[in-house]
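Biologist: I am new to this structure and would like a close look at a single part of it, followed outward into its surroundings. Could you take me through one strand, with its partners and whatever lies around them?

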Amino acid sequence: MDSAAINPEDRPTKIDVKSLTKRFGDLLVLNDISFNVAQGEFLAIVGPTGCGKTTFLNCLSKLMPTSAGDIFVDGEVADPKKHNISFVFQEPTCLPWRTVRRNVAYGMEIKRYPKEKINQRVDYMLDLVGLTDTQDLYPNQVSASMVQRITVARAFAMDPDLLLMDEPYGQLDIKLRYYLEDELIKLWQTLKSTVIFVTHNIEEAVYVAERVLVLSNKPTKIKAEVKVDLPRPRKLIDPEFVALRKQVTDLIQWW
Amino acid sequence: MAYEAVKVKKPLTLILLPIISVLTFFLVWELIVEFDVVPKTMLAAPTQVGDRFIDKLSDPNPDGGTMAAHAWVSAQEAFLGYLLSLGIGLPLGLFMGWFSVVRGVARPLFELVRPIPPIAWIPLTIFWFGIGLWGKVFIIFLGGVVPCVINSFVGVRMTNPTLIQMSRTCGASDWQIFTHLCVPSALPMVFGALQIALACCWTNLVGAELLAADQGLGYMITMGRRLALPELVVLGMVSVGLAGALIGMVIETVERRLLSGIRR
């Protein structure tokens, strides 16, 4: 709880996004976006449909080159080979030929961590997300929610400098989503990772994040920043929560 | 453990139907020959083929080799050609799928050579290798290599792009993505290639032996024609068919073991 309890402004900056710009030909998608993420902060990003969230994430994760500006991790230009950047995609990205256990180990194997460290870390993560019993099964033998937990576990297992999540629970039903959001918060509090969580679900954003960035329509800019300083576990019917949710909803309205 | 595999019992009809269909096939065949619907000079009855088979187990006449000798020669040729086509075709196809340099160099040449039927190579092959073992291995290789390249190429190209992105964000190098992602993704297609290539190899084996051989199952078929012994021809055909089916079954078993995670 400790790092989460401290005000994000008082923590050192982990991620520094400087005038991030992306053009596809004449189409300006991302227009000079700058912001910071503190060490161990949980940041949510919401925006209207088609505002370039996916492009934004692809640039942040360095999957796509930027037209101008860059992303800095601890003051250095972000590089997936050097930094640990994890990405949880909306669609499940388990490798079907690996067991649950070896899926969780995948990122660390790519980074060539020593075997013992991988084993230790995988045991720990499997225990945290409750997949120890199913570790020897293949992804097609477990349920859809477990599949997404595998990818979340894999992402956290790498001890990421930056963990990007692209609507990871968008395809799950609401009960499971609540459950997994709580699990995500627990993981984040335990492992103190720096998370950027992109979603179109405003309630979800306000529920999980410490701070919410609201994006504008294309060309995308940061329209507003909303701090969510509510105690956890948060209650969806708490008047303060409802007020914040309404504030973000009003900001996002484009009609 | 709480997660136990469920055993499904196969209904009796599903076990019996294949047996019945095969038995009926042979019975009708036997009757057709027996009642002279087709003259005996043109087709041999299964019982005749069986008699000839028992003869050929020990008697090298009239075509100069026992069953075992013919089968052994053919098996050698087929396996060498098959292994060669796998050994060259699969890596080539896999590399072509992922590395654009390999694709750029090899694709045009491959597309040029591909449409030439392997049998068209027989004259050149006889110039180069004579009618010995390696000439036939070469023809068989040419037949098997094409499906190997195509299937493994397509298999790699079908790798889920999101998985590639995921690996990139993990910091994976091109080579790591190839070995950790593209190759296992391509495996179902590669196993398809094993089956198709085997069929091609086996087909071309007979083709090669028909024209240039002094031993082997294909040669036995040719001799059957020359000596007007239809049961010898049919025996050769049946042996080729049975051996092909047997190897196919072995490959399928291996495939099922290895790909348990990918199959749904």
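Modeller: Two strands are taken to pair if DSSP finds at least two bridges between them, and that is the sense in which residues are said here to stand opposite one another. The model is predicted, and the part I would choose is strand S9 of chain A, residues 211-215.

All 5 of the 5 residues of S9(A) are buried, so this strand is largely enclosed by the rest of the structure; buried here stands for under 20% relative accessible area. A:Arg211, A:Leu213 and A:Leu215 point one way from the strand, while A:Val212 and A:Val214 point the other way.

On one side S9(A) is joined by 4 bridges to strand S3 of chain A, residues 42-46, and these two strands run parallel; within this pair, A:Leu43 stands opposite A:Arg211. S9(A) is also joined by 5 bridges to strand S10 of chain A, residues 222-227, but here the strands run antiparallel, with A:Arg211 opposite A:Lys227. S9(A) and S10(A) form a hairpin, and 6 residues lie between them.

Following the pairing further, S3(A) is joined by 4 bridges to strand S8 of chain A, residues 195-198, again in parallel, and A:Phe42 stands opposite A:Val195 there. These strands belong to an open sheet of 6 strands in chain A, whose order is S6-S7-S8-S3-S9-S10 and whose pairing is mixed. Its edge strands are S6 (85-88) and S10, each of which pairs on one side only, and the twist from one strand to the next averages 20°.

The strand also leads into the nonpolar interior, since A:Val212 is among the residues that touch the most other members of the largest nonpolar core, which has 134 residues; A:Phe35, A:Ile45, A:Met125, A:Phe156, A:Met165 and A:Ile196 are named with it. The largest share of this core, 15 residues, comes from helix H8 of chain B, residues 174-211. Within chain A, domain 1 (2-83 + 161-252) and domain 2 (94-160) both give residues to the core, so it lies between them.

One of those core residues, A:Phe156, shows the surroundings in detail: leaving aside its neighbours within four places in sequence, its contacts are A:Arg121, A:Met125, A:Leu163, A:Leu184, A:Leu187, A:Trp188, A:Leu191 and A:Ser193. There is also a second, separate core, of 14 residues, which includes B:Met96, B:Trp121, B:Val149 and B:Phe153.

To come back to the two domains of chain A, their centres, taken over C-alpha atoms, are separated by 24 Å, and the contact takes 22 residues from domain 1 and 15 residues from domain 2. Between them the domains bury about 1,500 Å², 69% of it on carbon and sulfur atoms. Of the area that domain 1 buries against domain 2, A:Leu163, A:Leu187 and A:Leu191 supply 33%, more than any other three residues.

Chain A has a further set of paired strands to set beside this one. Strand S1 (residues 13-24) is joined by 8 bridges to strand S2 (residues 27-38), and the two run antiparallel, with A:Phe24 having A:Leu27 as its bridge partner. S1(A) and S2(A) form a hairpin with 2 residues between them, and A:Gly25 in the turn has a positive phi of about 60°. S1(A) is also joined by 5 bridges to strand S4 of chain A, residues 68-73, in an antiparallel arrangement, where the bridge partner of A:Thr21 is A:Ala68.

Terms used: Residues are numbered from 1 along each chain as its sequence is written. Chains are lettered from A and ligands numbered from 1 in the order in which they are written. This is a predicted model: local features need pLDDT of at least 70, side-chain atom pairs count only at pLDDT 80 or more; totals for chains, interfaces and linings use all residues. Side-chain values use heavy atoms; hydrogens and water are left out. Buried means under 20% relative accessible area, exposed over 50%, partly exposed in between (1.4 Å probe, protein chains only). A nonpolar core is a set of buried Ala, Val, Leu, Ile, Met, Phe, Trp, Tyr and Cys residues joined through side-chain atoms within 4.5 Å. Domain bounds come from an automatic or database domain assignment. Contact means heavy atoms within 4.5 Å. Axes are lines fitted to C-alpha atoms, for helices over the stretch in contact, and angles run from 0 to 180 degrees between N-to-C directions. Buried area is the accessible area (1.4 Å probe) that two parts lose on being put together, summed over both.
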